[in-house]
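Welcome! Please take a look at the sequence and the structure, and then we can walk through some of the features together.

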Amino acid sequence: MDSSELDGNGTEASLPPPPPVVPPDVVPVKAEDALAEPVKKKVSRLPIARRGLGSKGMKIALQTNHFKVNVTNNDGNFFHYSVAFAYEDGRPVEGKGFGRRIMDRVHETYASELNGKDFAYDGEKSLFTIGALPSNKLEFEVVLEDVVSNRNNGNCSPDGHGDNESDKKRMRRPYRAKKFKVEISYAAKIPMQAIANALRGQESENFQEAIRVLDIILRQHAAKQGCLLVRQSFFHNDPRNFAEVGGGVLGCRGFHSSFRTTQSGLSLNIDVTTTMTIQPGPVVDFLIANQNVRDPFQLDWAKAKRTLKNLRIKVSPSNQEYKITGLSELPCRDQTFSLKKGGRDGDDGTEEVTVYDYFVNARRIDLRYSAELPCINVGKPKRPTYFPIELCELVSLQRYTKALSTLQRASLVEKSRQKPPERMRVLSDALKTSNYGSEPMLQNCGISISTGFTQVDGRVLPSPRLKLGNGEDLNPRNGRWNFSNKSFVQPIKIERWAVVNFSARCDVRALVRDMIRVAGTKGISMEDPFDVLEESHQFRRSPPMVRVEKMFESIQSKLPGVPQFLLCLIPERKNCEIYGPWKKKNLTEYGIASQCMCPLRVNDQFLTNVLMKINAKLGGLNTLLGVEHSPALPVVSKAPTLILGMDVSHGSPGQSDIPSIAAVVSSRQWPLISKYRACVRTQSAKVEMIDNLFKKVSDKDDDGIIRELLLDFYVSSAKRKPDNIIIFRDGVSESQFNQVLNKELDQIIEACKFLDEKWEPKFVVIVAQKNHHTRFFQSGSPDNVPPGTVVDNKICHPRNYDFYLCAHAGMIGTSRPTHYHVLHDEVGFSADELQELVHSLSYVYQRSTTSISVVAPICYAHLAATQVGHFLKFEDKSETSSSHGGLSAAGAVPVPQLPKLQDSVSNSMFFC
């Protein structure tokens, strides 16, 4: 069947023409065999194998936080079993948290029935052993004595340790021992040989499972030590590990620990990590800190109810532990519940008692401040159970999963950073404390872990030469340079501009005068502004969108025409509520470039940094690479090459209704690699794969992201199509590499074919990962590794093409290298050429006078997604309703569409 007979989905579009007459000497083939070929599934792309190692650069001896693992047992098998729990009456156990305690009891009680085998249990439904259990299906019954029941008996105050006899009777039942049925069923066999095969570069599904088993052993080992587990990170309940970051939140330092396959064998990667936890102690103290009020009587209890939901508390004096389900509607003094009368003559009557009276009079507990405050509810919706708030204390190691404020984030960074020598010391201590040598499951696998940091050979790539104004050359030192007494390489002219001031306190005239002076030293010709527009006093307390609207009315009435540029003065440096509506108005309605600034500490260096952003937004360039100017970049300068940076930003944790924002930036004006433009779209919440790179709306129309960027490259690069397309993708994990290669790349190829069926550009796909746990340390030096440090041996993947590059100078804490994975390369770059290109792209970021830690296109994609994300934050609910948006992939939740940028700014670096 001819391929023209298949529609876009690869299925038959119409019937084939009648077959020709079959000659007598031809043996007919079965119809299904003949038809099978065109319907064959498309071959999936896989990540490419390494093509060699780089050699350029000055050699440097490094150590890394990978610890060598020796494996002596390669012949055995892991056996995977499914675990199911049920109550005595057959109901399945749904609550989390019981699993480990139940399985510990199984291990203690039924050791002989399990043939004395140790097992690794993942805390949910999977259990792994080395060698098989006696039977493919085992059933056990175990008893847990101290299970805290949430099913408390009616509207009571559960604390059966008071003097009241009826109280004791009433409370005996919920705390009796509980029986559980445990069913263990065989699921799969995983050969340990898969790990050895993977180390030789022969990966299989079994290998992923085998490594997962080893990681589960580490989790179980940490759980036995009473740690909080967050995936492969473990947090001990040690006061030395906690640091206050404000708002009742603590930064808790712990350790990431996971097995990795590397060129030099299996290694254990251990790193310091931090999670956020709730401040333990009295519930009231936490709420006062969280809401930043002086006393409990100023608390917003509706907000408190949301914050406290599902947190665990201990109640005094019984020390019983419960989960908070809500708050009482009435204060403790007024909230009543039904209490059984305490007579011995069989009188089962009840009386209504307030929670306050019960605890003060019946239980003889002195309550100092709870009378006027709501009670904590730990019961069910229809069977509440109340405690006075001052008897409740939050238990330790409970995660705080909401987004941190700017101040909290700054405090966390300040308190969690560690210089390289300190980090190495802490990691060595962590390995000793973990005591993995005592873990029986690891012993049974024949696994031993070395205590020394792995030695690796790195190379330091030379910094690329930069071009400045007046033909000046500059060689960055330690990844940094400055513009003192130097001008921009392509400065712009600013003729029509104005200043708008949203109530920022400063001497605006002096600020303008200084800005014009500093601009002159950078080569920017800047006229006096048309006007300085001050916000009217009457609108200062209005909603942000109203303030922006009123300012634009003022702009329209006072300026002679549309300005080329607006300088916007705002009162706060971070999280200013004016920012989103202001940017949206400028970019989507008027097409005006704008720069916001908070004029708190203004000096020439500050103004130079602001002018760098303004120059880039208005089409200028601050620096160029020498190899761009020549042009002499390998491959990229020889044939038209498009560079793409792709990123997806998601809402804060817990915000499932905020759409994710996909941003793709593309290079323009080839042979430059310093100029970019962006295309930004919304998609379903928390979806990482970009789904509208190609979006066919008719036979002739594609409304996808890539078409827009390809057309811009063609127009801006003297009507030349790219021969090569290099894609940098951020934010995807190793489990999603195949989707990038087979879904996203397919869409990009379709977009190219839709423009020109015969056009076949060559593709390179590189994933950049910052969220990993590998760190490098200089042997014999307390300093961070120098900028340009690249490592592509020993701790890299045994088969796949990856390398680590630390392009920036780490000034604070320990530098985090970027882990680059080359998934696909049709161009045929050598290792040195590709590493040089990636290194060079870390020096073209127009907002700073330093090299940056990840290639500029990815940074720009992140900036564009973040800035356009501000548009949605202030939208009215009616604006983001289904009438304005398309449906998400699931077809249920509408995704609000972003307004289009005006043509005058859509091709600019508005995100700078």
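## Two helices that cross

Helix 12 and helix 15 are roughly perpendicular to each other, because an angle from 65 to 115 degrees counts as such. The two helices, at residues 508-521 and residues 604-617, pack at an angle of about 70°, and their axes are 10 Å apart. Keep in mind as you explore that this is a predicted model.

Which residues meet here? On the helix 12 side they are L511, D514, M515, R517, V518 and A519, and on the helix 15 side they are D604, L607, T608, V610, L611 and I614. By character, the residues of this contact divide into eight nonpolar, one polar and three charged.

## A sheet of five strands

Now turn to the open sheet, where five strands follow the order 3-4-2-6-5 with antiparallel pairing. Strand 3 (119-121) and strand 5 (137-144) stand at the edges with a single partner strand each, so one side of each has no neighbour in the sheet. On average, neighbouring strands are turned by 30° against each other, direction ignored.

One pairing to look at joins strand 2 (residues 77-87) and strand 4 (residues 126-130), which are antiparallel and share five bridges. In this pairing, Y81 has L127 in strand 4 as its bridge partner.

## A helix across the sheet

Which strands does helix 2 lie across? Helix 2 (residues 99-109) lies across strand 2, strand 3, strand 4, strand 5 and strand 6 (178-191). Relative to strand 5, helix 2 runs at about 105°.

Definitions and conventions
Residues numbered from 1 in each chain as written. Predicted model: local features only at pLDDT ≥ 70, side-chain atom pairs only at ≥ 80, totals over all residues. Heavy atoms only, no water. Pairing = 2+ DSSP bridges. Helix = DSSP H or I, 4+ residues; strand = E, 2+ residues; numbered from the N terminus. Axes fitted to C-alpha atoms, helices over the stretch in contact; angles between N-to-C directions. Contact = heavy atoms within 4.5 Å. Parallel < 35°, antiparallel > 145°, perpendicular 65-115°, else oblique. Nonpolar A, V, L, I, M, F, W, Y, C, P; charged D, E, K, R; others polar.
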